[in-house]
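Grab a pencil and work through these short exercises with the sequence and the 3D view side by side. Try each task before you read its solution.

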Amino acid sequence: MVQGLDTRAISIYSPILAELSLVEDRLHDLANTSIPELEPLLEHALSHGGKRVRPALTLLSASIFPTDTDNPIKMATGVELLHLATLIHDDTVDDADTRRGQASVSGRWGKEVAVLLGDYLFATSATLVCDTGNLRVVRRFAETIVELASGELIEYFNTFNPQQELERYYDRIYRKTASLFRTASETGAVLSAAGEEQVQALSSYGYNIGMAFQVVDDLLDILGDESELGKPVGNDLKQGVLTLPTIMLMEQFPGSNPIPLLFEEPEDDCKLEQALDMIRNSSIIPDCFAVIREYCDQAILALVGLPKVESRDSLESMAAYVRERSR
């Protein structure tokens, strides 16, 4: 059984809980390796996986069109390993000592070990995807790794750069986040009995859910509670990363927002609080809610032509859940 799921997640995942448990078993099996130095690292990395949203997407998409192979389980495991690898690399680049309230790999074992472990998980995820024997899935997975890496590079080279446009932001969050959501749902359909139109529908669903998911995260960085976020409120801005609410702030108040000055002095907490207060006391929060609603509505719309089965209902519920995360 997957640990750490709340009642809402269990309800959404109900059609695929048995399969998701198999994914969890395979993840934990990976920690049993013949390399003793790896075992504590893998155990640590694989036991703090959150709600397993991405593998659930793969399994829900596949179960709309039932198949008698275990390829969707292999794919779901590979998708989650890729996600975990990116988290390890993110924490390493960001000098983050914790992840979900636990010590990060880089915080506990150092950057060198974290980079190598991330590489190990990347390679392991690719091996699992290759085991599906589906060239289209393998190619899409490889494209996703390219998108993830390019998104990270775009973010890195634009930290503390106040001159960023919304179009560039949306491209970045597609690469960093929505690309893997898209791949999760699209490949689940490819590995089942779905037709091409249905594959594209689920690809669109994953894209829109992924975009909404990231905008919600960006909004929670402004509105959330430090104990829930596991990091300081406003951390993205403090790290020089512009997100949807902060870009909107700069567009609405081009001559009077404190962000350019904050980027010159990142340790100036007064300017950080000023920026956060301006966002909270403007129309920016409702505007971000509207963007989230639009992405979630588009995700649900993509499902219209799919069979009316329990797994489709779960995907609709997941869209509602993502929308509600920001409330």
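## Exercise 1: Check a helix

Take helix H7 (residues 111-130) and compare its expected span with the distance between its ends.

Solution. Step one: at 1.5 Å a residue, the 20 residues of H7 should span 28 Å. The rule behind that is 1.5 Å times one less than the number of residues. Step two: the C-alpha atoms at the two ends of H7 are 29 Å apart, which agrees. Helices here are DSSP runs of H or I with at least four residues, strands are runs of E with at least two, and both are numbered from the N terminus.

A bit of housekeeping: residues are numbered from 1 along each chain as its sequence is written. You're looking at a predicted model, where local features need pLDDT of at least 70, side-chain atom pairs count only at pLDDT 80 or more, and totals for chains, interfaces and linings use all residues, while side-chain values use heavy atoms and leave out hydrogens and water.

## Exercise 2: Look under the cover

Find which residues of H7 are buried and what covers them.

Solution. Step one: buried means under 20% relative accessible area, exposed means over 50%, and partly exposed is in between (1.4 Å probe, protein chains only). Step two: the buried residues of H7 include Ala114, Leu117, Leu121, Thr124 and Leu128. Step three: their cover includes helix H3 (39-46), H5, helix H6 (105-109) and H8.

Now, where does Thr77 sit, and what does it touch? Thr77 belongs to helix H5 (residues 71-93) and is buried, because its relative accessible area is 0%. Leaving aside neighbours within four places in sequence, Thr77 is in contact (heavy atoms within 4.5 Å) with Val23, Arg26, Leu27 and Leu128. The C-alpha atoms of Thr77 and Thr124 are separated by 9.9 Å, with their positions 47 residues apart along the chain.

## Exercise 3: Trace the salt bridges

Work out which parts of the chain the pair Glu24 and Arg52 links.

Solution. Step one: a salt bridge is a side-chain nitrogen of Lys or Arg within 4 Å of a carboxyl oxygen of Asp or Glu. By that rule there are 21 salt bridges. Step two: Glu24 and Arg52 join their side chains in one, at 2.9 Å from N to O. This pair links distant parts of the chain, with Glu24 in helix H2 (residues 17-29) and Arg52 in the loop between H3 and helix H4 (53-63), 28 residues apart. Step three: Glu24 is buried at 7%, and Arg52 counts as buried at 3%.

Next, take Arg26 and Asp70, whose side chains meet in a salt bridge of 3.0 Å, N to O. Arg26 lies in H2 and Asp70 in the loop between H4 and H5, so the pair ties together parts that are 44 residues apart in sequence. Arg26 counts as partly exposed at 30%, and so does Asp70 at 33%.

Last, try Glu316 and Arg312, which form a salt bridge at 3.5 Å, N to O. Both lie in helix H17 (residues 310-324), 4 residues apart, about one turn of the helix. As for why that spacing is handy to know: an α-helix has 3.6 residues a turn, so residues three or four places apart point the same way.

## Exercise 4: Spot the unusual phi

Find the phi values of Arg52 and Phe160.

Solution. Step one: most residues other than glycine have a negative phi. Step two: Arg52 has a positive phi, near 55°. Step three: Phe160 isn't a glycine either, yet its phi is positive, about 60°. Phe160 sits in the loop between H8 and H9 and counts as partly exposed at 32%.

## Exercise 5: Survey the surface and the cysteines

Which residues make the nonpolar surface patch, and how many disulfides are there?

Solution. Step one: patches take residues with over 30% relative accessible area and no salt bridge, joining like charges within 9 Å and nonpolar side chains (Val, Leu, Ile, Met, Phe, Trp, Tyr) within 5 Å. Step two: Val93, Leu153, Tyr156 and Phe157 make a nonpolar patch of about 460 Å², using Shrake-Rupley accessible areas with a 1.4 Å probe, where only the protein chains shown count as cover for residues. Helix H8 (residues 135-157) gives the most, with 3 residues. Phe157, in H8, counts as exposed at 63%.

Step three: a disulfide is a pair of cysteine sulfur atoms within 2.5 Å, and the whole structure has 0 of them. Cys130 is partly exposed at 47%, whereas Cys270 is exposed at 62%.
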